[in-house]
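User: Please take a close look at the sheet in this structure and at what surrounds it. I would like one connected account that I can follow with the coordinates open.

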Amino acid sequence: MNLRRHPHLPPTARGLLIGLSVSVAADRGAAEPCVEHPRPRSPGHDPPGTPGMISMTIPETRPDGAPTDGARVEEALRLLCGAPVGVDVAVKRLSRGSGVYAWWAGPSIFPDLPGPPNESIPSLRLLYLGRATSLRGRILRNHLRRSGSSTLRRTLAGLLVSEGYRTTWTDRVVLVPEDESRLTAWMSAHLRLTWAEDAEPATIEAELVRRLHPPLNVHGVDPEHLQAAVVAAKNSYNASSRPDEPSRTP
């Protein structure tokens, strides 16, 4: 109701009408699909009343002030899709905090395994995405050193048939020491890395894999994006060595 058309209403009635108008406006605002179609706004440039409605329909933080899972996914995507750095640079910058990480390579590396291009350097494509309780420990001690504790290394060894990596059996299939060193050198020469720190990476990893479709990932990948060549390479690696059969005595 336009109150200018009723200048003689008593103050009490005018107050009730104003409250009704605000309530109706708030109800209309809450019905908009803000979560599906967010409209970013700059502080100080919104009409009166808008910040209250936006904060209710698009919560960016939990009641305790921590970012929501959705906000953390978006921030991780922003950092993971930034310019990848070489291994030599990454080992100097990686923190000991938890988070997620992504490995990238040029188009000549596994050209039959399509991965999304990097936003900053489109000539690089995503290969693999993972999470870690310690980014520095996971990359340096596992991915760049021990095939026994790195799914990525085992997958790479299975795919790089032409390199002729040799395996042996301990309590699992591992590369022989010389070939562990050779694979680390190959990764340093051909792969690049991005990462994003996050306090609870396990809660965002699945959504990142679902949205990015890294071709070397198997777990958590939608069936239509699962790469048969990667599954075959992992199986081939796992079958390359077996425990020694105990000797049979007559």
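Analyst: Two strands are counted as paired if DSSP finds at least two bridges between them. This is a predicted model, and everything below is to be read with that in mind.

With that rule, 4 strands form an open sheet, and their order across it is S1-S6-S2-S3, with antiparallel pairing. Strand S1 (85-86) and strand S3 (125-132) stand at the edges, each with a single partner strand, so one side of each is left without a neighbour in the sheet. In general, the strands of a sheet pair through backbone hydrogen bonds, either parallel or antiparallel.

Beginning at one edge, S1 pairs with strand S6 (residues 191-197) in the antiparallel sense over 2 bridges, and within that pairing Val85 has Leu193 of S6 as its bridge partner. Helix H7 (residues 177-190) packs on the sheet, where it touches S2 and S6, and its direction makes about 80° with that of S6. Because 5 of the 7 residues of S6 are buried, this strand is largely enclosed by the rest of the structure.

On the way to the other edge, S6 pairs with S2 in the antiparallel sense over 7 bridges; Val100 has Ala196 of S6 as its bridge partner, and Ala102 stands opposite Thr194 in S6. S2 also pairs with S3, again antiparallel and over 7 bridges, and there the bridge partner of Trp103 is Tyr128 in S3.

For S2, 7 of the 7 residues are buried, so this strand is largely enclosed by the rest of the structure. In a regular strand the side chains alternate between the two faces of the sheet. In S2, Gly99, Tyr101, Trp103 and Ala105 point one way while Val100, Ala102 and Trp104 point the other way, and all of them are buried. Helix H5 (residues 135-143) lies across strand S2 (99-105), S3 and S6, running at about 45° to S2.

Some of these S2 residues also belong to the nonpolar interior: the largest nonpolar core has 34 residues, and those touching the most other members include Tyr101 and Trp103, as well as Phe110, Leu156, Trp186, Met187 and Leu216. Helix H6 gives the most to this core, with 4 residues. Another core, of 16 residues, lies apart from it, and among its members are Val73, Leu80, Leu129 and Leu212.

Charged pairs add further links around the sheet. Just beyond S6, Asp198 forms a salt bridge with Arg72, with 2.6 Å between the closest N and O atoms. Asp198 lies in the loop between S6 and helix H8 (205-212) and Arg72 in helix H3 (residues 69-80), so the pair ties together parts that are 126 residues apart in sequence. Both residues of this pair, Asp198 and Arg72, are buried.

H7, the helix that touches S2 and S6, takes part in such links as well. The side chains of Arg153 and Glu180 meet in a salt bridge (2.8 Å, N to O), which links distant parts of the chain, Arg153 being in helix H6 and Glu180 in helix H7, 27 residues apart; Arg153 and Glu180 are both buried. A further salt bridge joins Glu178 to Arg166, the closest N and O atoms being 3.2 Å apart. Here Glu178 is exposed, with a relative accessible area of 52%, whereas Arg166 counts as partly exposed at 43% relative accessibility.

Definitions and conventions: Residues are numbered from 1 along each chain as its sequence is written. This is a predicted model: local features need pLDDT of at least 70, side-chain atom pairs count only at pLDDT 80 or more; totals for chains, interfaces and linings use all residues. Side-chain values use heavy atoms; hydrogens and water are left out. Contact means heavy atoms within 4.5 Å. Axes are lines fitted to C-alpha atoms, for helices over the stretch in contact, and angles run from 0 to 180 degrees between N-to-C directions. Buried means under 20% relative accessible area, exposed over 50%, partly exposed in between (1.4 Å probe, protein chains only). A nonpolar core is a set of buried Ala, Val, Leu, Ile, Met, Phe, Trp, Tyr and Cys residues joined through side-chain atoms within 4.5 Å. A salt bridge is a side-chain nitrogen of Lys or Arg within 4 Å of a carboxyl oxygen of Asp or Glu.
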